[in-house]
Amino acid sequence: MPPKSKSLIRFKTEYIVPDGHTNTSDHPHQVRHKKPDLLTEMVPKTAWGSNVRDHVKASDWDKIKEWCYKRAGFNCEICGMHGKLQGRKHRVEAHEIWHYDDENRHQTLLGLIALCPSCHKSKHYGRAIAIGDDKFVRKHIKQINSHWTWKQVFDHCSEAISKWQERSKHNYKLNMDYLKEEFGIDVPIHRDVVELTDEDHEHIKDMDKYKNFD
Ligand SMILES: [Zn+2]
């Protein structure tokens with residue numbers, strides 16, 4: 001299953017990318033001339049358990065990951081480091097890049113990037129909160145985006161939570177055409193519509209407490 005074309009997401013030289021690294025809806029047409037900032041994001045609650053690896057065969061996912069790692073030279077495509085330097089087992093991990101169209105409620109796969117375990121953890125702020133690693137994530141974001149102030153880090157994390165709270169109240173239609181375009185894999189989408197319970201609403205609201213850093 002060789003890749004049919006080059007990826008949309010290319011970093012090492014100058015390209016126009018639709019903010020391939022994270023929250024694409026925020027920066028639709030940035031021209032990147034240097035390493036991207038590390039931005040966190042949170043997958044809406046209604047989209048949990050419905051990602052690429054849930055939609056492709058395990059053997060295809062292995063090939064996709066390997067292709068992604070190789071393309072990146074087995075180094076993190078954000079910070080340039082790798083997991084062995086962080087005392088981790090794996091050098092890099094594959095991260096899915098999503099675009100959320102909040103008006104039409106479409107969630108579209110734009111590509112995949114290889115990230116070191118620390119940058120990957122930082123991408124998923126909600127998961128980091130759940131396991132008590134949110135402080136680590138904020139420190140890592142501050143370190144990688146060294147031109148940011150702490151206020152910018154806090155604001156960015158708060159905003160990620162607010163966005164998650166809003167998106168989690170809705171169901172997004174999943175689009176993985178990227179897999180067809182890039183790898184020739186036809187993916188039947190099987191995402192169930194999630195009806196939020198009172199408990200879910202409470203959980204979403206409860207995340208407010210992580211938006212203050214006093
Ligand atoms: Zn990294």
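Let me start with one pair of residues: H99 has T108 in β4 as its bridge partner. The model I am showing is a predicted one, and I will work outwards from that pair.

H99 sits in β3, which covers 93–101. β3 is joined to β4, residues 106–115, by 9 bridges, and the two strands run antiparallel. Another of the pairs is E96, whose bridge partner in β4 is L112.

Between these two strands is a hairpin with 4 residues between the strands. R105 lies in that loop. R105 is not a glycine, yet its phi is positive, about 60 degrees. Is R105 buried, exposed or partly exposed? With 14 other C-beta atoms within 10 Å, it is partly exposed, because buried would take 20 or more and exposed 12 or fewer.

On to the sheet. Three strands form an open sheet in the order β3-β4-β5, with mixed pairing. β3 and β5, the latter being 173–175, stand at the edges with a single partner strand each, so one side of each has no neighbour in the sheet. Neighbouring strands here are turned by 35 degrees against each other on average, ignoring direction. The link from β4 to β5 consists of 3 bridges, and those strands run parallel. In that pairing, Q107 has L174 in β5 as its bridge partner. As general background, strands of a sheet pair through backbone hydrogen bonds, either parallel or antiparallel.

How covered is β4? Of its 10 residues, 8 are buried, so the strand is mostly covered.

Next, the helix on the sheet. Helix α2, residues 58–71, packs on the sheet and touches β3 and β4. The direction of α2 makes about 55 degrees with that of β4. As a check on α2, its 14 residues should span 20 Å at 1.5 Å a residue, and its end C-alpha atoms are 20 Å apart, which agrees.

Just after α2 comes G73, with a positive phi of about 65 degrees. F74 is in the loop between α2 and β3. F74 also has a positive phi, near 60 degrees, and is a residue other than glycine. F74 counts as partly exposed, because it has 14 C-beta neighbours inside 10 Å.

Now the core. The largest nonpolar core has 35 residues, and C76, A114, L115 and C119 touch the most other members. At least two residues each come from α2, β3, β4, α4 (125–130), α5 (134–144) and α6 (150–167). Which element gives the most to this core? That is β4, with 6 residues.

A114 is worth a closer look. Which residues does A114 contact, leaving aside its neighbours within four places in sequence? The list is C68, Y69, A72, C76, E77, V92 and A94. Of these, C68 and Y69 fall within α2, residues 58–71, and A94 falls within β3, 93–101.

Last, the overall picture. The chain has 214 residues, and 32% of them count as buried. The secondary structure comes to 8 helices and 5 strands. From the N terminus on, the elements run β-β-α-α-β-β-α-α-α-α-β-α-α. Among contacts with a separation of 6 or more, 64% are between residues 24 or more positions apart.

Notes:
Residues numbered from 1 in each chain as written. Predicted model: local features only at pLDDT ≥ 70, side-chain atom pairs only at ≥ 80, totals over all residues. Contact = placed C-beta atoms within 7 Å. Pairing = 2+ DSSP bridges. Axes fitted to C-alpha atoms, helices over the stretch in contact; angles between N-to-C directions. Core = buried A, V, L, I, M, F, W, Y, C linked by C-beta atoms within 7 Å. Expected span 1.5 Å × (residues − 1).
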